[in-house]
Each structure stands twice: as C-alpha cells, then as structure tokens.
Amino acid sequence: MKDRKAAPPEEIQDFYNKALFYAAEAHGNQLYAGLPYMIHVCMVADEVTAADRTVPLENFKNAVQIALLHDVLEDTPITKDEMLQYFEPEVVHGIDLLTKKEGLPLLDYLEGIKAGGSDVSVIKMCDRIINLQRLPVHWKADKILEYYEESVLILEMLGWSSEYVSWRLRLKIELYEEMFMKKRFK
Ligand SMILES: [Mn+2]
C-alpha cells in the first residue's frame, strides 16, 4: 500500500473513509456480482450502521472499519502486518477472525468469530445478509443448498449477538429459499 500520511481520523466519517480508501485500493479491479467490489463492503457497512442504530454496538468505529475491510485479508495479498501500520490492532484482529483460513473447518471458523465477541459476530451476519441477496450465476443446486445450510448455522451460532440482525438474517434466509431453492428444486 502507498504511504499515506494524513491527519489522524477523528469523526466516524474519517474512520469510514480511511477504511474505504484502503479497501478500494486493496480490492482493485475485483468484482462483486459484476460490479466494483466496493458495493459489497459498503452494503455490509450499511447493515452494520443500521444494526448500531437499533442497538448500539460495543465499538462502532472499529466495527465500521472491520466491515469495510473484512475481505481484504481473504481476497488480496495484503497481510495482517501491513494492515497494522494503518489500523488499530482490534480492527485487524476482527478482520483476521472473519478471514476463512485454508483447511479450517466451518464450525471452528464460526466458533472463533463467536469468541471474538458480539460486534464481529454482527459483522459476519451482516456479510451473509448481503451475500444471500445476489448469487454467483454459476452456482449449481448443491452449492445453493450448501450455502443455505451454512447460513442457517451462522444464524444459530452468531444470532445471540443481535436480535435485530438475527431478524434481518432470518428474513433473508427465507427469501433466499423462496427465490433460489423452491423454484429450482420443484
Ligand atoms: Mn464479504
């Protein structure tokens, strides 16, 4: 990443923009549903913002940065150490918890997030709320079903962190079932 010496951020907008610039540079030309990848991370950050408005998160400034940066370690060559030069250790730790590691079983991955606390659990649910609304076109029925089951497990394991976000996720799981499963399996 380029060296970026700016005044330290103070307001939430500054925290948001710092993370958004970093994420945009990191994800470069990556796409989400055929659109610039930033649409995905901004939608996740918006869900997190709505959650915080309903019941305040433990640390909203960190949470909004984690939301914007949550796919950087998973989808780009950037390392934790590089991110630590720009972001608080708690932020980088949260992103690390949300990063799927090669060979790590799903249950262990979700246990790690759960142990990471309620904010990071909320962010994982927000990510899934967004992803359930648009599916990669090449997904076949078995992958669609697997993603459904995984989403139900996410709700079961992380739902404790927010009643509001659980309600949102439950709704999106039901819509997913309606839109992508019933039609295809009939
Ligand atoms: Mn994501």
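Donors here are N, O and S atoms within 2.8 Å of the metal. All the close-ups below come from a predicted model.

**View 1. The manganese site and its four residues.** Along the chain, the donors of the manganese ion are spaced as H-x29-H-D-x55-D. One pair in this set, His-70 and Asp-127, ties together distant parts of the chain, with their positions 57 residues apart. His-70 sits in the loop between α3 (60-69) and α4 (72-75), while Asp-127 belongs to helix α8 (residues 118-131). Going residue by residue, His-40 and His-70 each coordinate the ion through NE2, and Asp-71 and Asp-127 each do so through OD, at 2.2 to 2.4 Å. Are His-70 and Asp-127 buried or exposed? His-70 counts as buried because its relative accessibility is 3%, and Asp-127 counts as buried because its own value is 8%.

**View 2. Inside the largest pocket.** There's about 600 Å³ of space in here. The lining takes in 29 residues, and those nearest the centre are Tyr-32, Lys-100, Asn-131, Trp-139 and Tyr-147. Which element gives the most to this lining? That's α8, with 5 residues. Elements supplying at least two lining residues each include β1 (31-32), α4, α7 (106-115) and α9 (141-158). Sorted by class, the lining has 14 nonpolar and 12 charged residues, plus 3 polar ones.

**View 3. Ser-161, in the loop between α9 and α10 (163-185).** Ser-161 has a relative accessible area of 16%, so it is buried. Its side chain reaches the backbone oxygen of Leu-158 at 2.7 Å. What else does Ser-161 touch, once neighbours within four places in sequence are set aside? Its contacts are Ser-118, Ser-121, Val-122 and Met-125. Those residue numbers fall within α8 (residues 118-131), the helix that also holds Asp-127.

**View 4. Glu-58, out on the loop between α2 (38-54) and α3.** This one is exposed, because its relative accessible area is 66%. Leaving out neighbours within four places in sequence, Glu-58 is in contact with Ser-118 and Asp-119. With Ser-118, the link is a polar contact between side chains, at 3.3 Å. How far apart are Glu-58 and Val-120 in sequence and in space? They are 62 residues apart along the chain, and 9.9 Å apart from C-alpha to C-alpha. Ser-118 turns up in two of these views: it is in contact with Glu-58 here, and with Ser-161 in the previous one.

How values were computed:
Residues are numbered from 1 along each chain as its sequence is written. This is a predicted model: local features need pLDDT of at least 70, side-chain atom pairs count only at pLDDT 80 or more; totals for chains, interfaces and linings use all residues. Side-chain values use heavy atoms; hydrogens and water are left out. Donors are N, O and S atoms within 2.8 Å of the metal (3.2 Å for Na, K and Ca); water is not among the atoms, so sites may look incomplete. Helices (H or I, at least four residues) and strands (E, at least two) are DSSP runs, numbered from the N terminus. Buried means under 20% relative accessible area, exposed over 50%, partly exposed in between (1.4 Å probe, protein chains only). On a 1 Å grid over the protein atoms alone, a cavity is a set of points where a 1.4 Å probe fits but cannot get out, and a pocket is an open set with protein on both sides within 12 Å along at least five of seven lines; lining residues have an atom within 4 Å of a point. Grid points are joined across faces, edges and corners, and a volume is the space filled by probe spheres set on the points. Ala, Val, Leu, Ile, Met, Phe, Trp, Tyr, Cys and Pro count as nonpolar, Asp, Glu, Lys and Arg as charged, and the others, Gly among them, as polar. A polar contact is a pair of N or O atoms within 3.5 Å; within protein, one must be able to donate a hydrogen and the other to accept it, and residues adjacent in sequence count only if both atoms are side-chain atoms. Contact means heavy atoms within 4.5 Å.
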